[in-house]
Amino acid sequence: MRQQGGLAPAELGFRMPAEWEPHAATWLIWPHKCDSWPGRFEQVPRIWAQVARAVGEGELVRILVNDDEHLESARTALESVSLSAERVRFYRVPTDDAWIRDSGPTFLTRRCGGRVELAAVGWQFNAWGGKYPPWDLDAAVAGEVAKKLGVPFFQPGIVLEGGSIDVNGCGAVVTTESCLLHPNRNPGLSRAEIECCLKAYLGVRHVLWLSGGIAGDDTDGHVDDVARFVGPRTVVAAVESDPSDENYGPLRENFERLRRSTDQDGQPLRVVPLPMPAPRFHDGQRLPASYANFYIANGVVLVPVFGDPNDTVATEALQGLFPDRRVIPIPALDLVVGLGAVHCITQQQPLADVP
């Protein structure tokens, strides 16, 4: 595990690939924190198993577990969905919770001498602005994963979660002001300084700023609930059709910002609306249910669904955008009680020449 000569990844030719580019593996943390899903935890490992089974058809599934007992419970769940043991690798890395999109590394690649090299970025993790102590184990996950793989490891020194950024792999990243500019993340940094960091550590040239996230989102507005790149110049954006819903105004503002935006080369974006499900609640708390929290893996797109008429509308829209992949709905009503969905529990490792 190393950082190369004090140079930032972009200076060394690294970039963050788009999620639809080929993967070597998908990383998961097997769930274990019952308090994250009050009254629903019993159902949660089954959802992880469904995700692993779908992803495992096209790539390796790498899973972090706390100890031998945790490993055996994961293995039993995966056997129940007939996922071949050859498709899974387990790593003993203790964690506080299971949201590896946010606590895990952001992977980068570069071409060098005919090979594709892999590296990892470890952002500082403070449990979404200090909301859920303790988080010291989760803060160490990125470095532990980089160590397991034996790849270069870069530490920008800023607080950021993987769900707060989305890239097109060509030089653009989309994020939200409500999250990255929130005082509970990096109060000493300006917008311009954060942009410089994104460019240096993601290998991007252009930052698209949206306003904020959706109701019920405890992350202060992660972009993976509101807008996602699905192609170099195509973005899907969540829209709410009910003017009385609290998401209506903020999502409309995001949609209009995207329509006025361009890619890294100054070309206009194609913005595709993605509907929202009807509001979902647990113990009186609104849940951040959004179809935008999908995950793109080799050959498949996993879409959270919520028992809503718009489940079909959303999955058909995404199938049209990914004609060469199979869109798989993942029932996520129990999952979203933990205030996250399919994208939040996954982290892609791009294809590269590493073990």
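# Exercises on strands, cores and rings

Start with strand 18 (residues 347-350): Gln347 and Gln349 point one way, Gln348 and Pro350 point the other way, and all are buried. Keep in mind that you're working with a predicted model.

## Exercise 1: Strand 18 and its partner

Work out how strand 1 and strand 18 pair, and find the bridge partner of His23 in strand 18.

*Solution.* Step one is the direction. Strand 1 (residues 23-29) and strand 18 pair in the antiparallel sense, over four bridges. Step two is the partner: His23 has Pro350 as its bridge partner in strand 18. Step three, look back at the side chains. In a regular strand they alternate between the two faces of the sheet. That fits strand 18, where Gln347 and Gln349 point one way and Gln348 and Pro350 the other.

## Exercise 2: Build the 7-8-9 sheet

Put together the open sheet that contains strands 7, 8 and 9, one pairing at a time.

*Solution.* Begin with the layout: three strands in the order 7-8-9, with mixed pairing. The edges are strand 7 (166-167) and strand 9 (206-210), each of which pairs on one side only.

Now take the antiparallel half. Strand 7 and strand 8 run antiparallel and are joined by two bridges. Here Asp166 stands opposite Val174 in strand 8. The two strands form a hairpin with four residues between them, and Gly169 in the turn has a positive phi of about 75°.

Next comes the parallel half. Strand 8 (residues 172-176) and strand 9 pair in the parallel sense over five bridges. You can check two positions: Thr175 has Trp209 as its bridge partner in strand 9, while Thr176 stands opposite Leu210.

Last, add the helix. Helix 8 (residues 191-202) lies across strands 7, 8 and 9, running at about 130° to strand 9.

## Exercise 3: Is strand 8 enclosed or open?

Decide how well strand 8 is covered by the rest of the structure.

*Solution.* Look at one face at a time. On one side sit Ala172, Val174 and Thr176, on the other Val173 and Thr175, and all of these are buried. Then count: five of the five residues of strand 8 are buried, so this strand is largely enclosed by the rest of the structure.

## Exercise 4: Find the open sides of sheet 4-5-6

Work out which strands of the 4-5-6 sheet have a side without a neighbour.

*Solution.* This is an open sheet of three strands in the order 4-5-6, with mixed pairing. Strand 4 (106-112) and strand 6 (153-154) stand at the edges with a single partner strand each, so one side of each has no neighbour in the sheet. For a detail, go to strand 5 (residues 115-121), which pairs with strand 6 in the parallel sense over two bridges. One spot to look for is Val121, whose bridge partner in strand 6 is Phe154.

## Exercise 5: Follow Trp48 into the core

Describe the largest nonpolar core, and then place Trp48 in it.

*Solution.* Start with the whole core, which has 97 residues. Trp48 is among those with the most contacts inside it, along with Trp30, Trp37, Leu64, Leu302, Leu318 and Leu335. The largest share of this core, eight residues, comes from helix 1 (residues 44-56).

Then zoom in. Setting aside neighbours within four places in sequence, Trp48 is in contact with Leu28, Ile29, Trp30, Pro31, Trp37, Ala98, Leu335 and Ile345. There's also a second, separate core of 25 residues, including Ala8, Met16, Leu180 and Val204.

Finally, check the rings: Trp48 forms one aromatic cluster with Trp37, Phe41 and Trp99. Across the whole structure, a search finds 10 aromatic pairs.

## Exercise 6: Spot the charges over rings

Find the rings that Arg191 and Arg228 lie over.

*Solution.* Arg191 lies over the face of Trp209, at 4.9 Å from the ring centre. For Arg228, the charged end sits over the ring of Phe294, 4.4 Å from its centre.

## Exercise 7: Is Ser103 buried or exposed?

Classify Ser103, then list its contacts.

*Solution.* First locate Ser103: it lies in helix 3 (residues 100-103). Its relative accessibility is 4%, so Ser103 counts as buried. Beyond neighbours within four places in sequence, Ser103 is in contact with Ile29, Phe125, Asp138, Val141 and Ala142.

How values were computed. Residues numbered from 1 in each chain as written. Predicted model: local features only at pLDDT ≥ 70, side-chain atom pairs only at ≥ 80, totals over all residues. Heavy atoms only, no water. Pairing = 2+ DSSP bridges. Contact = heavy atoms within 4.5 Å. Axes fitted to C-alpha atoms, helices over the stretch in contact; angles between N-to-C directions. Phe/Tyr/Trp six-rings, centres within 6.5 Å; stacked < 30°, edge-to-face > 60°. Lys NZ or Arg CZ within 6 Å of the ring centre and 35° of its normal. Core = buried A, V, L, I, M, F, W, Y, C linked by side-chain atoms within 4.5 Å. Buried < 20%, exposed > 50% of the residue type's maximum accessible area, 1.4 Å probe, protein only.
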